[in-house]
Amino acid sequence: MHADIVVLPGDGIGPEVTAAAVDVLQAVARRYSHRFTLHEHLIGGAAIDATGTPLPDATLAAARDADAVLLGAVGGPKWSDPNAAVRPEQGLLAIRKALGLYANLRPTRPHSAAIGASPIKPHLLAGVDLLVVRELTGGIYFGERTRTETSASDLCSYTVAEIERVVRRACLLARGRRGHVTSVDKANVLETSRLWRDVATRIARDEFPDITLEHQLVDSMAMHLLSKPRAFDVIVTENMFGDILTDEASMLAGSLGLLPSASLGDGSVGMYEPIHGSAPDIAGQGIANPYGTILSAALLLRYSLGLSMEAGCIEQAVDSALEDGVFSADLAAGGDARSTREVTAAVLERIETTCQVAELRD
Ligand code: NAD
Ligand code: IPM
Ligand code: MN
């Protein structure tokens, strides 16, 4: 097949990890006789520097026209002045909103070979396989903001429709997994959470009688996620809780650099990005962990292009590289650390040698 993929490298380690994922996508294209045309565009700080805005019109137009979007990361100290008029992160929020990407899927499945990198005890990690579905286009991220000399406020609001669609998406995904959904809120304090809980309860009861839904308050959830991670299957939650809980969940896998994500809407183009940021502390050194972005490319193939065999090929290649101890510095715990390029080369090599090629197609 032919696909147009927009690549938004962004800032910091963004260009380093997207370059790795692009190499992997091209290797998959060669192996399975597809043609992926990559279109690189500006976003974030790089876009501010070049055009004055973090999401240029040309970037959004290209994304809308594409079959899928692959993004690295945005932000960094250069653009972090609290009084700055424009910020890289605004570009990311704007593209998510403009493309209607309300469901952000963030899977975590610790790999046994990388368990040494996790601060959690190994016996708690065996069999952990969870999927956080983070609401991505609503809540406090998009409410009205005010700032005066003496106060500031960020409004958190949700509509019934916004909650319905993301809970529905989480329940559908749970159907293909273990049929269990944990809805996370702060219903003991927040009105938006009480609405969230009511809507989630109704959707599960009326539309998904086959799914088990439980509710969990976000503070104790932060604790349970580490003390009994195996207890969870699909976790659905609002925008900011999902942001925080998934960085926490990355510690089950061993590093923030391992986790991929898929941002999906209804019929719109999907966007794929690692969950980590631009990592200014290691940017430019060639040591960033590219696995999260490479695994995001796998999700791109699966969800936007319908290429599940090819997605599985990338996931197998990553599994095999980890199995063989191909660790970037964040995973190596002081041991033998590979550069971004070396990790990528190990994945590319395994794509050539281990992925099975079925019948040729056009
Ligand atoms: P971060 O995720 O960039 O980094 C947190 C820590 O994890 C750092 O020590 C970093 O070196 C490490 N890390 C992250 N990804 C890694 C990788 N692939 N390999 C090895 N180590 C990795 O979070 P931060 O430092 O809080 O934020 C830095 C900037 O990134 C901020 O400007 C923030 O707004 C932005 N950010 C962007 C995104 C995004 O574009 N999606 C996500 C999160 C943060
Ligand atoms: C993420 C990031 C973003 C978010 C920031 C950079 C806007 O932390 O993708 O997880 O909070 O959504
Ligand atoms: Mn985040």
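## Strand pairing around E3

E3 and E12 run parallel and are joined by 3 bridges. Within this pairing, valine 69 has methionine 271 of E12 as its bridge partner. The model described here is predicted.

E3 spans residues 68-73, and 6 of its 6 residues are buried, so the strand is mostly covered. E3 also pairs with E1: 5 bridges join the two strands, which run parallel. In that pairing, isoleucine 5 has alanine 68 of E3 as its bridge partner.

## From E1 to E2

E1 covers residues 2-10 and E2 covers residues 35-40. The two strands are parallel, with 6 bridges between them. Aspartate 4 of the chain faces threonine 37 in E2. Between E1 and E2 the chain passes through helix H1, residues 14-32. This β-α-β crossover is right-handed.

Threonine 37 also serves as a reference point for aspartate 266. The two residues are 229 residues apart in sequence. In space, their C-alpha atoms are 24 Å apart.

## Two domains and their contact

The domain assignment splits the protein in two. Domain 1 is built from two segments, 1-102 and 259-362. Domain 2 is 119-253. The C-alpha centres of the two domains lie 24 Å apart.

The contact between them takes 9 residues from domain 1 and 12 residues from domain 2. On the domain 1 side, helix H4 (residues 88-98) gives the most, with 3 residues. The residues on that side divide into 5 nonpolar, 2 polar and 2 charged.

## The annotated domain

UniProt, in an unreviewed entry, lists residues 4-347 as "domain: Isopropylmalate dehydrogenase-like". How far apart are the end C-alpha atoms of residues 4-347? They lie 23 Å apart. The span is 44% helix and 17% strand.

## Annotated binding-site residues

The unreviewed UniProt entry lists Arg96, Arg106, Arg134 and Asp219 under "binding site". These positions are spread over 124 residues of sequence. They are spread in space too, with up to 26.7 Å between C-alpha atoms.

Two of the listed residues, Arg106 and Arg134, are described further here. Arginine 106 lies in strand E4, residues 103-108. Is arginine 106 buried or exposed? Arginine 106 is buried, because 25 other C-beta atoms lie within 10 Å and the cut-off for a buried residue is 20 or more. Leaving aside neighbours within four places in sequence, its contacts are Val132, Arg134, Thr246, Leu259, Ser261 and Ile275.

Arginine 134 sits in strand E5, residues 130-135. Arginine 134 also counts as buried, because it has 28 C-beta neighbours inside 10 Å. Residues up to four places away in sequence aside, arginine 134 touches Asn104, Arg106, Thr237, Asn239, Gly242, Asp243 and Thr246. The two arginines are therefore in contact with each other. Thr246 appears in the contact lists of both arginine 106 and arginine 134.

## Loop residues and positive phi

Most residues other than glycine have a negative phi. Alanine 279 has a phi near 40 degrees, a positive value in a residue other than glycine. Alanine 333 has a positive phi as well, near 50 degrees.

Where does alanine 279 lie? Alanine 279 is in the loop between E12 and helix H10 (291-303). This residue counts as buried because it has 23 C-beta neighbours inside 10 Å. Alanine 333 is in the loop between helix H12 (329-332) and helix H13 (340-354). Alanine 333 counts as exposed because it has 12 C-beta neighbours inside 10 Å, and the cut-off for an exposed residue is 12 or fewer.

Aspartate 266 is another loop residue, placed between strand E11 (262-264) and strand E12 (270-272). Aspartate 266 counts as exposed, because it has 10 C-beta neighbours inside 10 Å.

Key:
Residues are numbered from 1 along each chain as its sequence is written. Chains are lettered from A and ligands numbered from 1 in the order in which they are written. This is a predicted model: local features need pLDDT of at least 70, side-chain atom pairs count only at pLDDT 80 or more; totals for chains, interfaces and linings use all residues. UniProt positions are given in the numbering used here, feature names are shortened, and annotations may be inferred rather than shown by experiment. Helices (H or I, at least four residues) and strands (E, at least two) are DSSP runs, numbered from the N terminus. Two residues are in contact if their C-beta atoms, placed from the backbone, lie within 7 Å. Two strands pair if DSSP finds at least two bridges between them. A crossover is right-handed if, with the strands pointing away from the viewer, the path from the first strand over the helix to the second runs clockwise. Domain bounds come from an automatic or database domain assignment. Ala, Val, Leu, Ile, Met, Phe, Trp, Tyr, Cys and Pro count as nonpolar, Asp, Glu, Lys and Arg as charged, and the others, Gly among them, as polar.
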